[in-house]
Amino acid sequence: MINEKLPFMFYGGDYNPDQWPEEVLEEDIRLFKKADINVVTLPVFSWAKLQPSEEVYDFQWLDKIMDKLAENGLYVCLATSTAAQPAWMSKKYPEMLPVDFDGRKRKHGGRVNFCPTSEIYKDMSTKLTRKLAERYKDHPSLLLWHIGNEYGNYCYCDHCEEQFRIWLKKRYGTIENLNRAWNMSFWGHTVYEFDEIVVPSGISEMWRDNGRDRSNFQGISLDYHRFMSEAIFKCYLEEYKIIKEITPDLYVTTNLMGTFKPLDYFKWAEKMDVISWDNYPQLIDPMYVTALRHDLMRGLKDGKPFMLMEQTPSQQNWQPYNGLKRPGVMRLQSYQAVAHGADTVMFFQLRRSIGACEKYHGAVIEHVGHENTRVFRECTKLGEELNALKDKIIDSRIEAKVAIVFDWENWWAVELSSGPTIELNYIKQIEKYYKAFHDKNIAIDFVKSEADFSKYDVVIAPLLYMVKKGVADNIENFVENGGTFITTFFSGIVNENDLVTLGGYPGELRKVLGIWVEEIDALFPHMKNSIKVVNKAINLSNEYSCGMLCDILHLEGAEAIALYGSDFYKDSPVLTENKFGKGKAYYIASDPEELFIKDFIGHVCNEKNISSSFENIEGVEITERVKHDRKYIFILNHNEYSVELKLNKNAYVDLLTGDKKCESVTINSKDLLILEDKI
Ligand code: GLA
Ligand code: ZN
């Protein structure tokens with residue numbers, strides 16, 4: 001539980017009373033209570049108000065707000081306000097301002113616009129954090145801490161460059177090791193001193209290609225990602241340590257962003273007491289993509305419940321087209337988060353601001369200022385429901401037999417490289433395999449490549465291009481003990497420095513997969529090959545299409561389940577199975593059409609006896625959370641029409657209404673059911 005003071009699902013969100021005259025607070029509190037809101041997050045962007053000049057801090061306005069909230073039984077997720085430094089600070093200490101990818105020194109403006117290695121920034125931000133923690137440590141409304149806001153600020157300034165060199169010296173010890181690790185004899189890049197190394201950016205080794213950062217030297221760029229992820233993390237960590245020193249028992253978090261590339265969230269998670277994240281799907285995003293992001297966030301801390309820190313009650317302001325969430329959709333998406341492990345439902349923003357870009361962003365309290373709006377009514381209905389659930393769902397866990405490996409360093413490496421094809425997209429591949437399980441309502445965990453796989457029956461590692469130290473052993477061990485491992489084309493190619501593992505692809509995975517990939521063909525988008533299934537013992541159709549990359553491989557102990565249908569490598573293996581110890585390892589040598597993945601994953605699930613205990617209906621998502629002797633089954637109808645679902649048992653209680661449910665249930669469009677079951 002995040003805090004025993006409030007053993008309920010947290011419901012509320014970002015609130016900016018400092019943007020409003022004092023008397024508005026009174027009205028807001030009335031409305032919060034009406035909507036059963038119990039938590040507000042603040043002050044997320046109030047540094048300039050909390051510290052009008054270097055010597056002067058002003059907390060009185062915040063005292064009043066905190067006290068008033070406490071008087072009214074409302075709790076606070078207290079933000080440290082360090083995501084946007086005041087203008088006077090940027091002016092006085094311009095070294096705090098970052099340099100962008102194209103080498104331009106930035107001026108003050110926006111937010112998260114500071115250099116992460118800036119000592120003066122860290123000095124100023126930790127001073128503020130200490131003052132906040134000391135002032136409010138015993139405040140009755142204080143529930144947990146929220147550091148910064150949506151970190152992700154890579155910087156390319158001279159100070160970062162110096163710090164990068166120090167970081168490299170620590171990592172490699174000598175310049176010879178570094179030259180070797182980055183293969184610097186290529187293009188005569190050998191360096192003799194650490195201070196010859198420059199940051200990889202748009203004015204040195206890198207370029208931006210359709211929004212994606214590419215590099216001539218993946219070794220250096222990869223290390224810069226690692227360094228930046230760590231440097232930014234240190235900004236968080238320094239505040240974290242201060243808070244823990246002063247309020248050791250309170251949870252501390254920062255709001256993450258799902259499949260956000262710049263930061264290695266698995267590393268961040270180690271110093272986050274609870275994961276929180278901001279969910280902003282576009283209106284047209286498929287629901288499984290949102291489900292994936294929730295599951296990834298849950299995976300960061302071994303499946304512990306997470307916080308939905310932000311979502312919009314209706315529309316966004318920063319997407320190209322900011323459609324309204326249709327009636328019922330906000331509620332459905334809120335429960336989708338809970339269904340995937342969230343113990344909070346929180347919004348950005350509680351009151352819609354009057355000026356600047358977020359005046360277009362949805363809010364619980366709209367510009368009209370009263371409660372007679374569709375959005376407010378929907379928020380109130382949800383608040384009532386969550387409130388009535390009390391502590392029922394919180395702290396329950398999802399139990400999965402299937403895991404997908406997710407690895408940020410691998411993601412960076414896959415996409416930094418030019419060639420063999422521009423189509424390589426790590427997230428897209430992860431999504432494809434995720435979808436196949438999700439469509440069958442099979443629970444999926446996300447794990448890092450070094451994780452203990454032993455509790456899973458099936459582990460899938462799409463595009464495991466980079467095999468870090470110990471990972472191949474980890475996989476072998478899992479398969480030897482009976483696990484099923486699946487990986488795809490473009491796997492096992494390099495080590496952690498993006499140096500090719502010599503002796504044949506897929507390098508260190510060769511043994512467990514029982515294959516040798518000799519060549520990798522890259523197809524133009526209009527070109528296709530096919531997967532002809534030859535092993536009739538396996539329940540797949542005869543033929544599927546595939547494309548993008550086609551590995552040409554030799555069997556070294558594995559068996560071919562399917563062969564290519566055309567080209568000069570026609571009849572060579574495209575899908576292989578290797579028996580290894582008590583388990584099996586599959587290799588999918590090309591990028592198959594969706595139907596193949598569906599059928600193949602279906603086959604693997606049959607083999608391993610993994611299935612949902614409910615029938616599958618398109619657009620209906622079913623998950624289960626378990627706590628003690630209780631199971632909570634979430635059935636979410638994302639369709640535009642109602643559906644009827646047969647129940648597999650007669651003794652369910654509808655958690656939201658208390659009704660008994662037997663035989664079958666009808667679920668309206670955009671509606672849901674939570675069934676409680678005794679285990
Ligand atoms: C992010 C931020 C918020 C707000 C919302 C708007 O998630 O954390 O401060 O800007 O976006 O969608
Ligand atoms: Zn910098």
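K448 forms a salt bridge with E270, and their closest N and O atoms are 3.9 Å apart. A salt bridge here is a side-chain nitrogen of Lys or Arg within 4 Å of a carboxyl oxygen of Asp or Glu. K448 lies in the loop between β13 and β14 (458–461), and E270 in the loop between α9 (265–269) and β9 (276–278), so the pair ties together parts that are 178 residues apart in sequence. Helices (H or I, at least four residues) and strands (E, at least two) are DSSP runs, numbered from the N terminus.

This is a predicted model: local features need pLDDT of at least 70, side-chain atom pairs count only at pLDDT 80 or more, and totals for chains, interfaces and linings use all residues. Residues are numbered from 1 along each chain as its sequence is written, chains are lettered from A and ligands numbered from 1 in the order in which they are written, and side-chain values use heavy atoms, with hydrogens and water left out.

**Salt bridges**

The structure holds 52 salt bridges. Three of them are set out below, with the accessibility of each partner. Buried means under 20% relative accessible area, exposed over 50%, and partly exposed in between (1.4 Å probe, protein chains only).

| Pair | N to O distance | Lys | Acid |
|---|---|---|---|
| K448 and E270 | 3.9 Å | K448: 30%, partly exposed | E270: 54%, exposed |
| K435 and D439 | 2.8 Å | K435: 19%, buried | D439: 37%, partly exposed |
| K678 and D629 | 3.6 Å | K678: 51%, exposed | D629: 33%, partly exposed |

K678 sits in strand β29 (residues 672–678) and D629 in the loop between β23 (620–627) and β24 (630–637), so this pair ties together parts 49 residues apart in sequence. Salt bridges that share partners also join R171, D223, R226, D264, K267, D407, E409, E450 and K468 into one network.

**A zinc site**

Which residues hold the zinc ion (ligand 2)? C115, C155, C157 and C160 coordinate the ion, each through SG, at 2.2 to 2.3 Å. Donors are N, O and S atoms within 2.8 Å of the metal (3.2 Å for Na, K and Ca); water is not among the atoms, so sites may look incomplete. The angles among the four donor atoms run from 99 to 116°, and the site is tetrahedral. Four donors count as tetrahedral if all angles lie between 85 and 135 degrees. Along the chain the donors follow the spacing C-x39-C-x1-C-x2-C. C115 is in the loop between α4 (87–92) and α5 (119–136), and C155 in the loop between β4 (142–146) and α6 (158–172), 40 residues apart. Both C115 and C155 are buried.

**Aromatic rings**

The structure holds 40 aromatic pairs. Rings of Phe, Tyr and Trp (its six-membered ring) pair if their centres lie within 6.5 Å; planes under 30 degrees apart count as stacked, over 60 as edge-to-face and the rest as tilted. F406 and F446 have ring centres 6.2 Å apart and planes at 80°, so they are edge-to-face. F406 is buried at 0%, and F446 is buried at 2%. Both belong to one cluster, whose members include W408 and Y434. F596 and F600 are stacked, 5.7 Å centre to centre, with 5° between the planes. They are four residues apart in helix α17 (residues 594–608), so about one helical turn separates them.

**A covered strand**

In strand β20 (residues 573–580), seven of the eight residues are buried. Four bridges join strand β19 (residues 559–564) to β20, and the two run antiparallel. Six bridges join β20 to strand β21 (residues 583–588), again antiparallel. Two strands pair if DSSP finds at least two bridges between them. β20 and β21 form a hairpin with two residues between them, and G581 in the turn has a positive phi of about 60°.

Notes
Tetrahedral: all angles 85-135°; square planar, octahedral: opposite > 155°, others 65-115°.
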